[in-house]
Amino acid sequence: MTMNLLAIDLGKQSFHLHGIDTNGVIVSRKVSRTKLTEIVNELAPETIAMEACASAHHWGRLFTTAGREVRLAGAWRCSCSAFAMPVNPRA
């Protein structure tokens, strides 16, 4: 199974993976910390998106060495209230 973009919601012990594969099938899984790299390699995404936090940099380096492109988004872009805020608050 391959996909263009995989979004990972990071947690302490479990992670939530969300994406759409090349066949249009929606992937939504809850994965433990020990299985994360195995499942990501199985899904084979081109790009991985995560919220920028302390552990995201660790996982980002790990996935980058595996040949994946990693995108980190600021925490203010990932919260539920981010959609209610304008992109430029000074405008």
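Reader: Which residues are buried in helix H2 (residues 54-65)?
Author: This is a predicted model: local features need pLDDT of at least 70, side-chain atom pairs count only at pLDDT 80 or more, and totals for chains, interfaces and linings use all residues. Numbering runs from 1 along each chain as its sequence is written, and side-chain values use heavy atoms, without hydrogens and water. Buried means under 20% relative accessible area, exposed over 50%, partly exposed in between (1.4 Å probe, protein chains only). In H2, a DSSP run (helices: H or I, at least four residues; strands: E, at least two; numbered from the N terminus), the buried residues are Ala-56, Trp-59, Gly-60 and Phe-63.

Reader: Within what arc do the buried residues of H2 fall?
Author: An α-helix has 3.6 residues a turn, so residues three or four places apart point the same way. The arc is taken over directions from the helix axis to the C-beta atoms. The buried residues of H2 line one face of the helix, because they fall within an arc of 110°.

Reader: Which residues are exposed on the other side of H2?
Author: The buried residues of H2 are covered by elements including strands S1 (3-9) and S2 (14-21) and helix H1 (36-43). The other side of H2 has exposed Ala-54, Arg-61 and Thr-65.

Reader: Which residues touch the most other members of the largest nonpolar core?
Author: Such a core is a set of buried Ala, Val, Leu, Ile, Met, Phe, Trp, Tyr and Cys residues joined through side-chain atoms within 4.5 Å. This one has 17 residues. The members touching the most others are Ile-8, Leu-17, Leu-36 and Phe-63.

Reader: Which element supplies the largest share of this core?
Author: S1, S2, strand S3 (26-32), H1, S4 and H2 each give at least two residues. The largest share is four residues, from H1.

Reader: How far apart are the closest N and O atoms of Glu-42 and Arg-29?
Author: A salt bridge puts a side-chain nitrogen of Lys or Arg within 4 Å of a carboxyl oxygen of Asp or Glu. Glu-42 and Arg-29 form one. It links distant parts of the chain, H1 and S3, 13 residues apart. The closest N and O atoms are separated by 3.7 Å.

Reader: Is Thr-47 buried or exposed?
Author: Thr-47 sits in strand S4 (residues 45-51). Beyond four places in sequence, its contacts (heavy atoms within 4.5 Å) are Asn-4, Leu-5, Leu-6, Glu-69 and Arg-71. With a relative accessible area of 15%, Thr-47 is buried.
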